[in-house]
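Trainee: I'd like a close look at a single part of this one. Could you pick a spot and walk me outwards from there?

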There are 2 protein chains.
Amino acid sequence: MREFDLLKIVEEFFGDENVEVPAGMHDAAYVRIGDKLMVLSCDTVSEKSDFPPFMLPEEMGHMAVAVTLSDLAACGAKPLYFLSSISLKRADKELFSQLLRGIKRIASTYGVKVVGGDIDFSEFLTISGFAVGEAERVVTRKGAKPGDNVYITNPPGRAEVCLEMLRRGAKREELPYAITLYTPEPRIEEGMRIARFCSAMTDISDSLAISSHLIARSSGVRIVLDNIPLEHLEGYTENPLEVALYGGGDFELLFTAEKSDYGIRIGRVEHGEGVFLEMGSEFEEVEFRGYSHF
Amino acid sequence: MREFDLLKIVEEFFGDENVEVPAGMHDAAYVRIGDKLMVLSCDTVSEKSDFPPFMLPEEMGHMAVAVTLSDLAACGAKPLYFLSSISLKRADKELFSQLLRGIKRIASTYGVKVVGGDIDFSEFLTISGFAVGEAERVVTRKGAKPGDNVYITNPPGRAEVCLEMLRRGAKREELPYAITLYTPEPRIEEGMRIARFCSAMTDISDSLAISSHLIARSSGVRIVLDNIPLEHLEGYTENPLEVALYGGGDFELLFTAEKSDYGIRIGRVEHGEGVFLEMGSEFEEVEFRGYSHF
């Protein structure tokens, strides 16, 4: 995960900007505009590293918005505006219209206004999304306390198990969670509700393992995952645990709270550091790895 | 300029979003956040189409910020926050640090806080910038009136004449306007002052010709360019007029006003449509062309 080494450099350069939550500290930045607490986020998807086989152009547009809004969801923010820089291989009007149709549909779903953009040309299709949202309070990866429980909005590994099946030659119509893979939904409503009571939150787009580590590190605690749901992956992969822990591409929210009526309880927060998997009386260290852009 | 055909599609999809100034209508979008009038903009630069030969990594970072802030300058907005999605070829820490150093320096110059970003990987270096600024009032390309004059903040064609010289084999140290080419400055202060009295404004990053056409079209007027400065290009190119009119890469502001103490008067606004060049008693139609990403 060399990306995270580079993020350390970002923090060295910009970690002390005088804003509520600066670069590199969370899924998105918090700033004050007038009397509003606003959240700013950007994210890039490209056909090189993010679009699975058989993905339709409308779904690419959808995904560009979904990944960017997911960062806002992890802040419990209500998304307001979306902009994008789209790099096309050529000025293909039909393709471009389909991308915009996908962007428009998901933006409408979440009440987001698409207010601007930039068009560029590149050797492969890339969409950089930028979203502005409004939050009620600052929620970050920092704040998990010993005694808290760890929750996730839905069982993890659904996108990854589909990718694995595609790599083995499966067709799109054979995938059990094609919707999660091709048209992931950011957990906007859930994020806004969870933000009211959680102690820490992040999305699991890179992997459950990485997100657990990020919460553990930022909060200075130890996370023990003792109840990762795997039933939904059985029959689709030889190693459900690997897929659930280290697979990327799901846009669920991982959060900590004393108690939650939302989501599935998958672990607990303790004094200490690191992330561990509890299996019976055995503890296994969870690695810091997951979906990588490399 | 196939890019502009695609922008029409953007307008079809998103031109009716209920905001002050939506997508495709100006250099940036205006939205209200609380009681503030905010400006949102995004722009992408890449080594494929935007970085001239001999450009240093710090200058690439600088340019990414400059082009994005230039859109805000064209709104007369004060820039507040900047985010970027950076696509690298590999996790080169030294290169990455230099990019960030360039971003940091120009951001500091204009009092902009760098609050976030995203790191991705691609076959060539690309930086998508997003900026948030605050404006006092809405200034767009629409509003030029017959009787107004046309002004530009500095003589045009300086970046293009350097590019032309580089194509002919010149070395960087031989360029007359290397600073304009390698470290362009967005006209932030100027834009804020001009916004108080101008009737229309835009930057000339694509070319003076294109920006003149955009103002003429949006405002429903005819623009006659009767006084384009060319002296600064003489001796460096065989066709100073071509370079001044159709060259891209300068980040000056083009604006219309009854009268201005800022900038250089280069033309006038009349009833009618189109953009014309007045040379003695001759009128020549100015084409809609300039720097293109193709």
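Mentor: Sure, we'll start at one residue and work out to the whole chain and its partner. A quick heads-up: this is a predicted model, so the cut-offs here are pLDDT of at least 70 for local features and 80 or more for side-chain atom pairs, while totals for chains, interfaces and linings use all residues. As for labels, residues count from 1 along each chain as its sequence is written, and chains are lettered from A and ligands numbered from 1 in the order in which they are written.

Find A:Leu69, in helix α2 (residues 57–73) of chain A. Helices are DSSP runs of H or I with at least four residues, strands are runs of E with at least two, and both are numbered from the N terminus. Is A:Leu69 buried or exposed? Buried, with 31 other C-beta atoms within 10 Å. (Buried takes 20 or more such atoms, exposed 12 or fewer, and partly exposed is in between; C-beta atoms are placed from the backbone.) Buried residues make up 58% of the 294 in chain A.

So who are the neighbours? Leaving out residues up to four places away in sequence, A:Leu69 touches A:Pro79, A:Tyr110, A:Ala131, A:Pro186 and A:Ile188. Touching, or contact, puts two C-beta atoms within 7 Å. A:Tyr110 sits 41 residues from A:Leu69 in sequence, with 9.2 Å between their C-alpha atoms. Reaching along the sequence fits the wider chain: of the contacts between residues at least 6 apart, 81% join residues at least 24 apart.

Now follow α2 outwards. An automatic or database assignment splits chain A into domain 1 (2–134) and domain 2 (149–285), and their C-alpha centres lie 22 Å apart. Their contact uses 19 residues of domain 1 and 21 of domain 2. On the domain 1 side, α2 and β3 each give at least two residues, and α2 has the largest share, 9 residues. That side has 12 nonpolar, 3 polar and 4 charged residues. (Nonpolar is Ala, Val, Leu, Ile, Met, Phe, Trp, Tyr, Cys and Pro; charged is Asp, Glu, Lys and Arg; the others, Gly among them, are polar.)

Zoom out again: 56 residues of chain A contact 55 of chain B. Elements giving two or more residues to chain A's side include β3 (78–88) and α3 (93–109). This side divides into 28 nonpolar, 14 polar and 14 charged residues. Also, 98% of chain A's interface residues are interface residues in chain B too, so the copies meet through the same surface.
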